[in-house]
Amino acid sequence: MYDWKYLCYTKHYQEKERGNKMKKKIIVAILTAAMIITTLAACKKADPPVAAPTTAARSGEAELPAEAALQGDIVFATMSTGALGDIQAEMIADFMKENPGVKVEIQVNTTDYESLMKAKMAANDMPDVFMTHGWSLIRYSEYLLPLTGEPWAETMADTLKASMCDEDGNFYALSTTVDLTGVLVQMDILKELGMEMPVTVDNFLECCEAAKNAGYDAVFMAGKDTRSPAYVLDLMAPSFLLNNDDGTNASALADGSFDWDLWIPVVDFLQTLKDNGYMNIDCATADTIFQAEKLVNKEALFIFQRNSVLSQCWEISPEANVGFIPFPVQSAEDSPYLAGGEGVAFGIWKDGKHLDIARALLEFLARPENVEKMCYAEGAPSGQKNVEVSLGKIDPWVEQWSDVKALPWFDRVYLPSGMWAILRDTGSAIIAGEATPEEATAIMKENYLKLFSQQ
Amino acid sequence: MKRKKRLGRSFRNLIGFFIILLHAAPFYVLITTAVKARGNYSSRWTLPKNFHWENFMIALQDGKLLRSMSVTLFITAFSTLLIVSIGAFAAYPLARFRSRMSKTVSLLMLGVMMVPPLSVLVPLYRLMVTIHGLNTYWGIIILSATYGLPVSVFMYSNFIATIPRDLDDAALIDGCSRYSIFFRIILPSLKPVTSSVIIMTAINVWNDYSFQLYILQKPKMRTVTLMMTSFFGDGNTNMNAAAAATILSIIPLVLIYLALSKYFVQGVIDSAVK
Amino acid sequence: MFTRRRTQKATENRVLWTMTSPAIILMIVFVLMPLVIGLNISFTNWNGYSQSYYYIGIENYRRLVTDPMFQKAIINTVVYGMGSTLLQTILGVSYALLLNQPFALKNTMQTVVYLPAMLSSILVGYVWCFMVEYSHGAINDIALLFGVSKVDWMGNGNRAVLMITIANTLTFCGKAMLIYLAGLKGIPQSYYEAAGIDGASGFQCFRFITLPNLLPAITTSTILNLIGGLKLFGVIQSMSGGGPGYASHSLSTLINTIYFSYQDAGYASAIGIFTFLFIMSISIVLQSYLNRKAESNE
């Protein structure tokens, strides 16, 4: 048996070997050639060399000693793409021109930025300067250099202080813009329905009802990303808990004695949207990639999302009549509010090798002309006082609401660290119909107590 | 008899046609999305009146496709080289020596296939930081090679087991050392299964996402997969360019597959199914 | 005589170790060590990025027992693994039987069926997103054509799992198909001719000749498909993100979510260790079952 197999085997392969050898040789040759060519191509595409370092100090900051020119390479990590990303790249290029001895490498990541940063934190291997996207105090502060002594610290906008400063008054990032968030609205639909911009929650629900009857999605919920329902809870919480309240809720949350039954109306708001059919049918599974489309295509009336979606809308169709409005409040006497806080912000890794260069970079970014550019690209008010900004398409909206107070995001100030994930969890459970408001509140309470005690 | 054969053939052609439709559907949708303009929301099954090839241009430019392809090609080629050589080398004793030791080692190899990448991600990342392997070619090549070894060892050891032992024993009696047996007798006959191993592992390395994401952070070193997924990320809502990018990214693999597919089937015959 | 066998064994062992050492060293450094560290983390309450954490014993493992997300993920993982493997085996064998006979569209079919396997799994998930999307999805467009109302395919937990399994099957059945095709080609034609002479029907040929001779191919393909299905990550992550709620998580995507979104690295590591042992035990059981069947056939 064995011999027979052996004979067949060797004959079979001896015959095939010659034919195969030839074909194999040709393929190997092609692949090797392809490899060599592409490797050469990759090498040739090296960046143009940085201008030769000069001995004369041209750093432009009065703080640094005049003789020391900045030398070194640093890494700058950001989440921004599109217009904002381009502006940042431009500014970095200008910074490098001013400091010929410095080379800044820009690393951009969007969806995976946070996971990447977490892995890097675990290995204590952070970029020298990186974007903190609102989490400078709560998540990244362990690794950030306190920036309270910086020259631009005094001109930091007051609205930022609540969400960026710890108990000792230290803050850890330069926020060039103040993040402004309201409810995104498709104005054409609103006009068509003959409704006014809603002020109270009742107004808001009336608009939703009218939209639903006219066949639109009143509130578009991109539930596949669990941040979407969490935004509704987080952004509407002040309306129910903080607005017509004399501070009892705020202090109760601060010392852990909060009565969680008061949270049920917040979750109920989301539940109402679902029960009355105001949300799109695929609220639990729609992808955020389609949000801008819905507004431009006049399929949805409201979206609870950041203003970056507006920029995307205008990218698709510059004529789109979209904007944002303050959040609906309980009664006409309550003051409307927007959510504000840390916007386009950057921090410095405290164990970095070139702290001087990093601080110089932040000072450069904090210059009024650069802050202005950043605000224009992002479409948000300035994070530094005394900077005049004109914001392009979103300007009329920001102008309109310039007197509306900007409250910090609820979970960043009033909830212990880690509750954001619970908001996402309970929010998505509500829109998927997997939990009742009471159950969701119970989960919030349980985790709140646990995380509060761990603080 | 002939009529029966022809009937059989047309029947098979018919079934084959429907199967092709079913499996090509996702790609068709991809193509229609890629050639539509950005604001075009017509059904995904209909082709637009004008083909918007600029989506492909956007994909090429923004995705810096050519560079990422060369980076990925480089990494894939060397990883595959390592996987093939180390794998064959390790598979020989595992196929020949049936001791408890070799069985444990085989089990170890199989076990590596089952480790969910995320469980080891952060300790692995810390390790790479310590040995300064981040943002280096050798770092990602060694990692891809390590996690691609099990499949290679698996297929090679199955294949070597079918090469009759008598050959080895004859050579041993003639006074050959085990090493020369490997290099002179076994290695030349590994050609058919090598092409299947190459196809399987090259595709896995090319499409790997987690390792490349965390190890290759420098923009110059981004691979094709990273470039493609950035089109689907938060910052970009241009689905049409994303679809165009996806189509472009699959072309090199298709070419390699078409070139090697005959050998692939032969190799699988010899290694996996005897 | 005795000494010669002993020295022969000794040389054999030495060769064994030397030749496998590069592979073993790589495994130990880059797989085993991180796995052990992962085991260590599973006994802590680390949040994944802080430099400080403290040990909490087997608290994480105790959580596993009562966690509904974890329980759903195990069930889903088994469905993804077994379901995909079953479907891929059926489809793979059927396609291979078809491809074993000549007809015009043969080569096209082979390439098109294998094509999706060459896409990165995350991209596959996004492509399927285009298909199952509610308002403009491709499948719903066809449904509308037939007068059926639109369905939110991913909206219901069970339906989402079904869609993901289907997507996974259709994408990777090409691999199974090729392995089975190779297996079929390896069966000598003489067997069928002999059976034909004896008057066996087509079905009997299939059951007594094809199937037993295909057993090694079935083993290989099933093990590879099963491990792939149990570890399934990319397709789920991009098609449903684990939703709606947490209904379509597999163990792998659950680890990802808990590690990064819930910032609970300790618990995520515990799930990871469990996943590893779970996949390993299933594969070992399956492999020994198939090996026993193969032996009993000879």
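**Reading a chain contact and a loop lysine**

Mentor: In this predicted model, the contact between chain B and chain C draws 69 residues from chain B and 69 residues from chain C.

Trainee: Which helices of chain B each supply at least two residues of the side that touches chain C?

Mentor: Helix 1 (2–34), helix 3 (65–96), helix 4 (100–113), helix 5 (117–130), helix 6 (137–162), helix 9 (191–207), helix 11 (224–231) and helix 12 (239–272) each do so. Helix 1 gives the most, with 15 residues.

Trainee: How many residues of that side of chain B are nonpolar, polar and charged?

Mentor: The side of chain B that touches chain C has 51 nonpolar, 13 polar and five charged residues.

Trainee: Now a single residue. Where in chain B does K218(B) lie?

Mentor: K218(B) sits in the loop that joins helix 10 (210–215) to helix 11 of chain B.

Trainee: Why is K218(B) classed as partly exposed?

Mentor: Count the neighbours. A residue is exposed with 12 or fewer other C-beta atoms within 10 Å of its own, and buried with 20 or more. K218(B) has 13, so it is partly exposed.

Trainee: Which residues does K218(B) touch, leaving aside those up to four places away in sequence?

Mentor: K218(B) touches E105(A) and Q107(A) in chain A, and N135(B) in chain B.

Trainee: How far apart are K218(B) and V193(B), in sequence and in space?

Mentor: They are 25 residues apart in sequence and 36 Å apart in space, C-alpha to C-alpha.

Trainee: And chain A: how many helices and strands are there?

Mentor: Chain A has 17 helices and 12 strands. Of its 455 residues, 49% count as buried.

Technical notes. Residues numbered from 1 in each chain as written. Chains lettered and ligands numbered in written order. Predicted model: local features only at pLDDT ≥ 70, side-chain atom pairs only at ≥ 80, totals over all residues. Contact = placed C-beta atoms within 7 Å. Helix = DSSP H or I, 4+ residues; strand = E, 2+ residues; numbered from the N terminus. Nonpolar A, V, L, I, M, F, W, Y, C, P; charged D, E, K, R; others polar.
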